[in-house]
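Dear colleague,

I am passing on the structure we spoke about, and I would be glad if you could look through it at your own pace before reading my notes underneath.

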Amino acid sequence: MILLYEDESRIHAYQALRSTWFQKGKQKQVSTFGHHAAVSLFGAVNVLNSDFLCQVADNCKAPAFHSFMKYVLDYYPNKVIIMVLDRARIHDAKELQPFFEQHEDRLIRFFLPKYSPNLNPVERIWKWLKETVIQNRFHPNKAAIQESVSSFLAFLEGASEQILKRIAGVHMTDY
């Protein structure tokens, strides 16, 4: 049996300026074009072994969630998956009910209480990704955002210990 926590996130090209050190009189400058490029992500973390499954999507709508759920089922063939979800509408979309019924022997959905992101460890992965990918950085277009996201996800593939510490609430600056 596999226990996964799932959530979606959007990485925007908005500039997220945070506290940073710089030489006196030389304030950090972050360029901007004023566009609104974004990348949508679906992710699930296995809190027992740090597997982090992630899929880029065009949006955070039911068909994209359906695609992600198929990806998860394929990733864990012949395993029963308990998927912990928030109360987003797409997680119980009417159009996905046939899919959930078809896979009810392998896919058990458990819904968190409303407004409880603190109970979902994948939120800590999204925070880490955003700190790394958009904080004090400029992305001129969607492709640049995707490249930064891909780089971070590649880093996560070899970072089991850091993932487990992050989802447990231990902050690290190894990336």
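Please keep in mind that this is a predicted model. I begin with helix H4, which covers residues 142-157 and therefore has 16 residues; from its first C-alpha to its last it reaches 23 Å, close to the 22 Å expected at 1.5 Å a residue. Several residues of H4 are buried, among them Ala144, Ile145, Ser148 and Val149, and further along the helix also Phe152, Leu153, Phe155 and Leu156.

Stepping back to the whole protein, the secondary structure comes to five helices and five strands, and these elements follow one another from the N terminus in the order β-β-β-α-β-α-β-α-α-α. Of the 175 residues, 42% count as buried, while the accessible surface comes to about 10,300 Å², with 51% of that area belonging to carbon and sulfur atoms. If you take the contacts between residues at least 6 apart in sequence, 72% of them join residues at least 24 apart.

One residue deserves a careful look, namely Glu8, which lies in strand S1 (residues 2-12). Glu8 is buried yet has no salt bridge, and the nearest side chain of opposite charge, that of Arg10, is 11 Å away. What does the side chain of Glu8 make a polar contact with? The partner is the side chain of His91, at 2.6 Å. Leaving aside residues up to four places away in sequence, Glu8 also touches Leu41, Phe42, Cys60, Phe65, Ala88, Ile90 and Trp126, as well as His91 itself.

With best wishes

Terms used: Residues are numbered from 1 along each chain as its sequence is written. This is a predicted model: local features need pLDDT of at least 70, side-chain atom pairs count only at pLDDT 80 or more; totals for chains, interfaces and linings use all residues. Side-chain values use heavy atoms; hydrogens and water are left out. Helices (H or I, at least four residues) and strands (E, at least two) are DSSP runs, numbered from the N terminus. Buried means under 20% relative accessible area, exposed over 50%, partly exposed in between (1.4 Å probe, protein chains only). Lys and Arg count as positive and Asp and Glu as negative; His and the chain ends are not counted. A salt bridge is a side-chain nitrogen of Lys or Arg within 4 Å of a carboxyl oxygen of Asp or Glu. A polar contact is a pair of N or O atoms within 3.5 Å; within protein, one must be able to donate a hydrogen and the other to accept it, and residues adjacent in sequence count only if both atoms are side-chain atoms. Contact means heavy atoms within 4.5 Å. Accessible areas come from the Shrake-Rupley method with a 1.4 Å probe; for residues, only the protein chains shown count as cover.
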